[in-house]
Amino acid sequence: MLALRWIVAHRRLPLVLKTSVSSPCVTSLTHLRPCGSLQHRFLSSGRNSSAPTPKAKLATRLLVTVLFGGGVLAAWWYVHEEKKQMQRQQRVEQLRQLTLGRGNFSLLDHRGQRRTKHDFLGRWVLLYFGFTHCPDICPEELEKLSAVVEKLDQDPALPQVQPLFITVDPERDDVAAVARYIKDFHPRLIGLTGTLEEVKEAGQDFRVYSSAGPKDEDGDYIVDHTVLIYLISPDGLLLDYYNRTKNEEQMVENIRNHIRTYVPLEKTS
């Protein structure tokens, strides 16, 4: 009887092994479990390999973030530049309505030649009103003006800026005195003087205040006056002005922007 069972078991074993290759998995000689075909496993593995990896997803997210951030930054820059341009146009319009710098002057330069405002049309001008007996403020401002012009000269893309000095003290500042005074500053600096009426008219065109103080025992006196440096465009329009709080770098950057965005007055009217 035992021999008969042994023969039957050995005859069924090849059938079990043959079947396990195609579909089920063998856990023991008497217990089988289904595990799927090799083809099914291969297809499943292929589908998983084509799915995006975590690194690919992160790279995609970073790319989208960078593109979005760049778009926002570009939009902000555009709006910022448009706002600056609008502010410059509004400032020019205000100055035009006030007619500041729109008049003419007729004065003598430090060589004794008659010069008018028309002589400087077509050129950028930095203008300062002062006097040769000024103890400290005028020399400091003219030194700053000279340094600004020198820095602008270093940029070959910019036109030359003409420095200009007009005295508010014609009683003491004749042609010879002005000539001696301006030698200490920029070599292109032109000094202008004239009669009391001529100087007063030139100052009124730029709303310059000046008032001579009391004389001391030596006949010396100080002139209280407006301390500003004026930027005049090639069409003779006052575009901007700079007080003592503006340093050289700020002035250079501001003047450079004015020159680069300049539109002749005829095209804006």
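These are short questions and replies about a predicted model.

Me: What does the secondary structure of the protein come to?
Reply: The protein has 8 helices and 11 strands. Buried residues make up 36% of its 269 residues.

Me: What is the order of the strands in the open sheet, and why are β4 and β11 called edge strands?
Reply: The order of the 7 strands is β4-β3-β7-β6-β5-β10-β11, with mixed pairing. Strands β4 (114-116) and β11 (238-242) each pair on one side only, so they are the edges. On average, neighbouring strands of this sheet are turned by 35° against each other, direction ignored.

Me: How do you know that β3 and β4 pair, and in which sense?
Reply: Pairing needs at least two bridges. Strand β3 (residues 106-109) and β4 have 3 bridges, in the antiparallel sense. One bridge partner can be named: Leu108 is matched with Arg114 in β4.

Me: Which strands does helix α6 touch as it packs on the sheet?
Reply: Helix α6 (residues 196-205) touches β3, β4, β5 (124-130), β6 (161-167) and β7 (190-193). Its direction makes about 110° with that of β3. Helix α7 (residues 248-260) packs on the sheet too, touching β5, β6, β10 (229-232) and β11. The direction of α7 makes about 175° with that of β11.

Me: Which residues of α6 are buried, and what puts them on the same side?
Reply: Val199, Ala202, Gly203 and Asp205 are buried. They cover an arc of only 160° around the axis, so they lie on the same side of α6. These buried residues pack against β3, β5, β6 and β7. On the other side of α6, Leu196, Glu197 and Lys200 are exposed. Just after the helix, Arg207 takes a positive phi of about 55°.

Me: Why is Asp109 called buried or exposed?
Reply: Asp109 is found in strand β3. Its relative accessible area is 1%. The cut-off for buried is under 20%. Therefore Asp109 counts as buried.

Me: What does the side chain of Asp109 reach, and what makes these polar contacts?
Reply: The side chain reaches the backbone nitrogen of Arg111 at 2.9 Å. It also reaches the backbone nitrogen of Gln113 at 2.8 Å. A polar contact needs N or O atoms within 3.5 Å, so both distances meet the cut-off. Leaving out residues up to four places away in sequence, Asp109 touches Arg115, Val175, Ile190, Gly191 and Leu192.

Me: Why does Leu228 count as buried?
Reply: Leu228 has 18% relative accessibility, and buried means under 20%, so Leu228 counts as buried. Leu228 lies in the loop between β9 (223-225) and β10.

Me: How many residues apart in sequence are Leu228 and Leu127, and how far apart in space?
Reply: They are 101 residues apart in sequence. In space they are 8.5 Å apart, C-alpha to C-alpha. Leu228 touches Leu127, and also Tyr128, Phe129, Tyr241, Tyr242 and Asn243, not counting residues up to four places away in sequence. Across the protein, among contacts between residues at least 6 apart in sequence, 68% join residues at least 24 apart.

Me: Which residues touch the most other members of the largest nonpolar core?
Reply: Leu126 and Leu127 do, out of 49 residues in that core. Beyond its neighbours within four places in sequence, Leu126 has contacts including Leu145, Val148, Val161, Ile229 and Ile255. In soluble globular proteins, nonpolar side chains tend to be buried together.

Terms used
Residues are numbered from 1 along each chain as its sequence is written. This is a predicted model: local features need pLDDT of at least 70, side-chain atom pairs count only at pLDDT 80 or more; totals for chains, interfaces and linings use all residues. Side-chain values use heavy atoms; hydrogens and water are left out. Helices (H or I, at least four residues) and strands (E, at least two) are DSSP runs, numbered from the N terminus. Axes are lines fitted to C-alpha atoms, for helices over the stretch in contact, and angles run from 0 to 180 degrees between N-to-C directions. Contact means heavy atoms within 4.5 Å. Buried means under 20% relative accessible area, exposed over 50%, partly exposed in between (1.4 Å probe, protein chains only). The arc is that of the directions from the helix axis to the C-beta atoms. A polar contact is a pair of N or O atoms within 3.5 Å; within protein, one must be able to donate a hydrogen and the other to accept it, and residues adjacent in sequence count only if both atoms are side-chain atoms. A nonpolar core is a set of buried Ala, Val, Leu, Ile, Met, Phe, Trp, Tyr and Cys residues joined through side-chain atoms within 4.5 Å.
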